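Reader: Hey, got a minute to walk me through this one? I'd like to start with where the chains meet.

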Amino acid sequence: MSESTPTGVTRAEYCAIACAEVFRGDGEVMASAFGTAPALGARLARLTFAPDLVLTDGDAALVDGAPPLGAPPASLVLESHMPYRRVFDVVWSGRRNLIMMASQIDRTGNQNISAIGPWARPRAQLVGVRGAPGNTVNHSTSYWVPNHSTRSFVEQVDVVSGVGYARAAAAGPSATKFHEIRFVVSNLGVFDFATPDHTMQLVSVHPGVTVDEVVAATGFALVVPDDVSDTRDPTPEELDLLRTVLDPRGVRDREVRA
Amino acid sequence: MADKRLTLDEFVAGLSSGMTIGIGGWGSRRKPMAAVRAILRSDVTDLTVVSYGGPDVGLLCAAGKVAKAVYGFVTLDSIPTDPHFKAARQSGGIEAMEVDEGMFYLGLLAASQRVPFLPTRAGLGSDVLTVNPSLRTVRSPYDDAEELVAMPALRLDAAVVHVNRADAAGSGQILGPDPFFDELFLGAADRRFVTAERIVPTDELAAGGPLQSLCISRLLTDGVIETPGGAHFTACVPDYGRDEGFQREYVAAAGDPEAWAAFRDRFLAVDEADYQAATREAAAERAAAKAAKEGA
């Protein structure tokens, strides 16, 4: 613990810090981040410990720097053209690190954004698998789940969109070659798959959350190590960037409350 | 050069029931909506719709025109899902071929290149391969012996895309930031249609934007149709952005049979010119309602 632990850090700010950590150690890769905490995390990483990260404008360009949330398009400094067709070149080259959202995620890291219920007649058709199958077998992928519950953290997802460890292994070396599910960040804590059988373990709880709360909100047997830490505090610089530069209007606190 | 100009009626007369139709654009962006509306007014039905899906797929589902949808997603962008597509899937009313959006791209590319499939890692290990049991893998004939997904060519009977400008011979210009996969939809199809905000003399194309914006060649076009506002209510930048107010109205109406019947009567049971007039009226009504609310 630092001697000057910041006070009044919100849950959403811990989520943003946890998402920033997803990009630690990344060099010149395209950072794609869906959801508010991931969008802030990628920008924070770019402005601090991962200065070579390449951010997108959310449309068809790569941008210089790390623009604030909701920055007007005219204020962006564009550095490259990145239409969707070229995005696939990047995905398949592996030069990308992604945080996607997940309607369901399971203990071996499968993600579902396709449908809930039986395929022929789902109870809920969601957006569709999108790029999740290709992303997960081509470059590092992490997930952001802002509503951690037994409905989102399930034993087995209904439709495997993003591929987890067991499914990649079963599919063979072509599926595992570039596969990595780096982290899962939820509104309660941070998780990874660094266990002998690549099942999900608790890495840290956000301050204010207990391990028991996380276990109770998880619909499968989560691996809980003896030494679960708190998600790290933001540095004063990071907190200042979040509050005064990247998200002065506090959009983050509407995605995750408390 | 051949004059390929058509009317919307002539376009739809070239389609028939049971066809596989590709629709350009992406989500709720630069969709050939005037062409979709022309299909809605026609007797054409039992379609296989191939699309980076947006309200094109939703509207065709709502009208009962869709037997099968081939897609990686169906989204309205600013609203995550399309209510009519959801309803069609949840009632089991349509067959679904849901694939990774990169696989979809390779399917169009394979069809454009006249090869039966293209290999990709995308799809391996996912349920894309289990919910689409017709998909196969292929083993590399080289020393790596990698096993990859063999994405089959997505051959189309017809395709329609919407662009900012075109000339009468069917060269198309996309002035927005992303040409999406429109070129490949046309390349994959037997009958190829381009709708355009404006049809202009050929020399105005290169005068109106950088050479890279002239991305649809007439090699890829059989018919070109002038449809001002033809992407409405989806975005067609720089000519216009998405009509978010109208899109919200579309979604709200979908939630209630009576409201949907009223929406259909006002906006869909009319020809394209009346549609455009009705949407302008609706925008004025929304603006007036907003002003009244703010004044209150």
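Reader: So how many residues does the contact take from chain B and from chain A?
Author: This is a predicted model, and in it the contact takes 37 residues from chain A and 36 from chain B.

Reader: Which elements of chain B supply at least two residues each to the side that touches chain A?
Author: Those are α4 (83-90), α5 (101-113), α6 (128-131) and β7 (147-152) of chain B.

Reader: And what's that side like by class?
Author: On the side of chain B that touches chain A, 17 residues are nonpolar, nine are polar and ten are charged.

Reader: OK, zooming out. How many helices and strands in chain B?
Author: Eleven helices and eleven strands. The radius of gyration of chain B is 20 Å and the globule rule gives 19 Å for 296 residues, so chain B is as compact as a globular protein of that length.

Reader: How much of chain B is buried?
Author: Buried residues are 52% of the 296 in chain B.

Reader: Switching to chain A: what's the strand order in the open sheet?
Author: Ten strands run β4-β3-β2-β1-β5-β10-β12-β13-β14-β15 in chain A, with mixed pairing. At the edges are β4 (78-81) and β15 (229-230) of chain A; each has a single partner strand, so one side of each lacks a neighbour in the sheet.

Reader: In what sense do β2 and β3 of chain A pair?
Author: Antiparallel, over two bridges. Leu55(A) sits opposite Val63(A) in β3(A).

Reader: Which strands does helix α1 of chain A lie across?
Author: Helix α1 (residues 11-21) of chain A crosses β5 (96-101), β10 (140-145), β12 (181-186) and β13 (189-192) of chain A, at about 175° to β12(A).

Terms used. Residues are numbered from 1 along each chain as its sequence is written. Chains are lettered from A and ligands numbered from 1 in the order in which they are written. This is a predicted model: local features need pLDDT of at least 70, side-chain atom pairs count only at pLDDT 80 or more; totals for chains, interfaces and linings use all residues. Two residues are in contact if their C-beta atoms, placed from the backbone, lie within 7 Å. Helices (H or I, at least four residues) and strands (E, at least two) are DSSP runs, numbered from the N terminus. Ala, Val, Leu, Ile, Met, Phe, Trp, Tyr, Cys and Pro count as nonpolar, Asp, Glu, Lys and Arg as charged, and the others, Gly among them, as polar. The radius of gyration is taken over C-alpha atoms; the globule rule is 2.2 Å times the number of residues to the power 0.38. A residue is buried if 20 or more other C-beta atoms lie within 10 Å of its own, exposed if 12 or fewer, and partly exposed in between; C-beta atoms are placed from the backbone. Two strands pair if DSSP finds at least two bridges between them. Axes are lines fitted to C-alpha atoms, for helices over the stretch in contact, and angles run from 0 to 180 degrees between N-to-C directions.
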